[in-house]
Amino acid sequence: MSERKLTPWVERLLYTSSSSTNIRRYRMQAIANNLILHLHPTTVPAPALRFSYTWGLGGISSLLAVVLIITGVLLMFRYDASVERAYTSIQFLETQVAFGSLLRALHHWSGNLLLITVFLHLVRVFYTGGFKAGRSINWLIGLVLLLMVVTFNFTGYLLPWDQLAYWAITVGTSLLGYIPLIGSGLSNFLLAGPEVGQSALRNFYAIHVAVLPALLILVMSYHFWRVRKDGGISQSLPQTGERVEKLTTIPHLVQIEFAAATVLLAALALGSMLAPAPLEALANPAHPPNPAKAAWYFMGLQELLLHMHPLAALILPGIVLLALAALPYWDTREDDIAIYFRSPAGRWAAIISAALSLVLAPLLVVLDEWWLDLPTLLSIWPTWFSNGLVPLLLTFGGLAAIYYGLQRGLKANRSEALVGLFTFIMVSLVVLTIIGIFLRGPNMALVWPF
Ligand code: HEM
């Protein structure tokens, strides 16, 4: 095991406290080291320390979760989960409580950022094959975490009880009703009634501040434990006879984590000071805004709904989620682990699919908005067929064409073709979300953003 030479200031920072004259500091350091070594192994392979491999996205997500829990507990001291007082309690917090506005902004931006960092972490794990070589359980646990983070954001959205909150949740929960068999039961359970009101607010609050945090802590702890149990983060297979250099966690890994955490917290604090969390007018069930939009992370789904029967628009992401869950059993090749995009052919598959999606997704949106009218064209059929099954089958046909086209045209293997398919789906999701957020105006018609 080789030791990297430390710069003198790092050495002073880390080791001066171990002098026998400063027992208290030595003890503190021993406790801190002990805690760190409960989370990390004592040594880590040198390639795993490359920031450009993980981009620190798992660690950043963990830190954001901690910030959310701390700021969330502090917000609970002032927030009142009743439809008469929720909005005024937020106004009070914003204007009368010292640092109340900053606290709320920190909670708001951390929650939104967490959605992005968890999504990017999933993308990183996918492209480096981090779900391979015995890591399938952790990939599935990760998917559960992703769903939990989305539910966390969704339940928190309602709490300020302003127009934005009320109508985003009304739009969001009305989608649930379209899920066959369990849809209306699920929506009734969440809202504790047919519409968004006091019972829904109480339910969302309980799920947001008690159920989800407890579950998140449990599932996250299991996720971390599994990373260690699976042999640490993914590593490329060593060439025969090659020895992988190992470095001690303290200080090599810890100093990187410390620097990343400092930068993140500073950026978050600065961002929260400059941009307070939004608060619109008090919720008014009689006056829906036009357009009534879902929360931004559901705008891709809302965009799909403008083009397909709701059942089809829900089946599509459902099948993508199932396919993601099946991924470790679909792509079982292990020799390309820890190589971004698997190979040069995989990289080309990603580039071609991204370009295809950037052209096709906006083109289809525009085509369907102004020219294509499937229900009129197939008017002898019910809409679930003409506007549901037909576009759904066309979409799956298109995805299959990309998958097999890459295998034939690029001579890509299954793993590389999946890189292309995944890229196409993720880029399309981002494009639809951007169209939904910025290019939809009154009556959800397409508009220019400027
Ligand atoms: C709250 C959400 C999450 C947190 C806090 C979290 C945290 C972490 C951390 C700290 C690591 C160690 C390596 C790294 O930093 O990249 C990791 C690895 C991993 N995560 Fe997550 N994660 C979350 C969500 C997810 C999601 C959504 C997925 C995918 C569906 C996922 C799948 C994995 C896998 C398979 C590994 C091992 C990767 C490898 O060995 O390269 N995680 N996660």
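This report describes the ligand site of a predicted model, from the surrounding shell to the iron atom.

## The shell around the ligand

The ligand is surrounded by 23 residues, and the closest of these are H121, R124, G142, H223 and S234. By residue class, the shell divides into 10 nonpolar, 11 polar and 2 charged residues.

Four helices, α4 (57-76), α6 (100-127), α7 (136-158) and α10 (198-229), each supply at least two residues of this shell. The largest share comes from α7, which supplies 6 residues.

## Polar contacts to ligand oxygen atoms

Two arginine side chains approach oxygen atoms of the ligand: an N or O atom in the side chain of R124 is 2.9 Å from one such oxygen, and for R135 the corresponding distance, again from a side-chain N or O atom, is 3.1 Å. The backbone also takes part, since a backbone N or O atom of G58 lies 3.3 Å from an oxygen atom of the ligand.

## The iron site

The iron atom of the ligand has as its protein donors the NE2 atoms of H121 and H223, which lie 2.0 to 2.2 Å from the metal. These two histidines link distant parts of the chain, with H121 in helix α6 and H223 in helix α10, 102 residues apart. Around the iron atom there are 6 donor atoms, and with angles of 86 to 179 degrees among them the site is octahedral.

The two histidines fall into separate accessibility classes, for which the cut-off for buried is under 20% relative accessible area. H223 is buried because its relative accessible area is 13%, whereas H121, with a relative accessible area of 21%, is partly exposed.

Technical notes. Residues are numbered from 1 along each chain as its sequence is written. This is a predicted model: local features need pLDDT of at least 70, side-chain atom pairs count only at pLDDT 80 or more; totals for chains, interfaces and linings use all residues. Side-chain values use heavy atoms; hydrogens and water are left out. A residue is near a molecule or strand if one of its heavy atoms lies within 4 Å of it. A polar contact is a pair of N or O atoms within 3.5 Å; within protein, one must be able to donate a hydrogen and the other to accept it, and residues adjacent in sequence count only if both atoms are side-chain atoms. Ala, Val, Leu, Ile, Met, Phe, Trp, Tyr, Cys and Pro count as nonpolar, Asp, Glu, Lys and Arg as charged, and the others, Gly among them, as polar. Donors are N, O and S atoms within 2.8 Å of the metal (3.2 Å for Na, K and Ca); water is not among the atoms, so sites may look incomplete. Four donors count as tetrahedral if all angles lie between 85 and 135 degrees; four count as square planar and six as octahedral if opposite donors are over 155 degrees apart and all others between 65 and 115; anything else is irregular. Buried means under 20% relative accessible area, exposed over 50%, partly exposed in between (1.4 Å probe, protein chains only).
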